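Here is a short walk through one protein model. Keep the view open and turn it as you read.

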Amino acid sequence: MAYNLHIEKLGHWDSEENRISEAEWLNICKNDQDLKIETEISGVNPYTGEEISMPGILCHWTDSKNGTHVFSYNSGRITFGGEDAQIPKAKEIASKVGAVVVGDEGEEY
């Protein structure tokens, strides 16, 4: 099982007043030239060849040393894979919305 990190506002992230709004996230993505917005997730089932897609709000960030990384918005927080290379960018994003970077178990980075 993967361990993810999250960008969350202080307090309990699932309470309405502590959520990062969709508008805040889109604003960050639109105003950061290093982030590319994707509003649909799609892929092909390797067994059936069926194309599968679903809505989402992702931003791809390309780090010249470590490749492309995904930051995914859902339910008032931004989740990412937690690679060391992503943490400085995550902290930069968090600072723009008064948030912090935390692990799955709530520990702050």
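Start with helix α1, which covers residues 22-31. Its buried residues are Trp25, Ile28 and Cys29. Look down the axis of α1: these buried residues fall within an arc of 95°, so they line one face of the helix. The spacing fits a general rule. An α-helix has 3.6 residues a turn, so residues three or four places apart point the same way.

Now turn to the other side of α1. The face directed away from the buried side carries exposed residues. They are Ala23, Lys30 and Asn31.

What do the buried residues of α1 pack against? Four strands and a helix are on the list: β2 (35-44), β3 (51-63), β4 (67-74), β5 (77-80) and α2 (87-96).

Step back to the whole chain. This is a predicted model. The protein chain holds two helices and six strands. Read from the N terminus, the order is β-α-β-β-β-β-α-β. The radius of gyration is 14 Å, close to the 13 Å that the globule rule gives for 109 residues, so the chain is as compact as a globular protein of that length. Along its principal axes, the C-alpha trace spans about 45 × 35 × 30 Å.

How much of the chain is buried? Buried residues make up 35% of the 109 residues. Contacts also reach along the sequence. Take those between residues at least 6 apart: 48% of them join residues at least 24 apart.

Next comes the surface. The protein chain exposes about 6800 Å². Carbon and sulfur atoms supply 48% of that area. Charge is part of the picture too. There are 9 positive and 20 negative side chains in the protein chain. The centres of the two sets lie 7 Å apart.

Finish with a single residue, Lys91. Where does Lys91 sit? Its place is in helix α2, the helix that spans 87-96 and is among the elements packed against by the buried residues of α1. Lys91 is partly exposed, and its relative accessible area is 41%. Leaving aside residues up to four places away in sequence, Lys91 touches Val101 and Tyr109. Pro46 makes a useful marker for distance. Lys91 and Pro46 are 45 residues apart along the chain, and their C-alpha atoms are separated by 36 Å.

Notes
Residues are numbered from 1 along each chain as its sequence is written. This is a predicted model: local features need pLDDT of at least 70, side-chain atom pairs count only at pLDDT 80 or more; totals for chains, interfaces and linings use all residues. Side-chain values use heavy atoms; hydrogens and water are left out. The radius of gyration is taken over C-alpha atoms; the globule rule is 2.2 Å times the number of residues to the power 0.38. Buried means under 20% relative accessible area, exposed over 50%, partly exposed in between (1.4 Å probe, protein chains only). Contact means heavy atoms within 4.5 Å. Accessible areas come from the Shrake-Rupley method with a 1.4 Å probe; for residues, only the protein chains shown count as cover. Lys and Arg count as positive and Asp and Glu as negative; His and the chain ends are not counted. The place of a charge is taken as NZ of Lys, CZ of Arg, CG of Asp or CD of Glu. The arc is that of the directions from the helix axis to the C-beta atoms.
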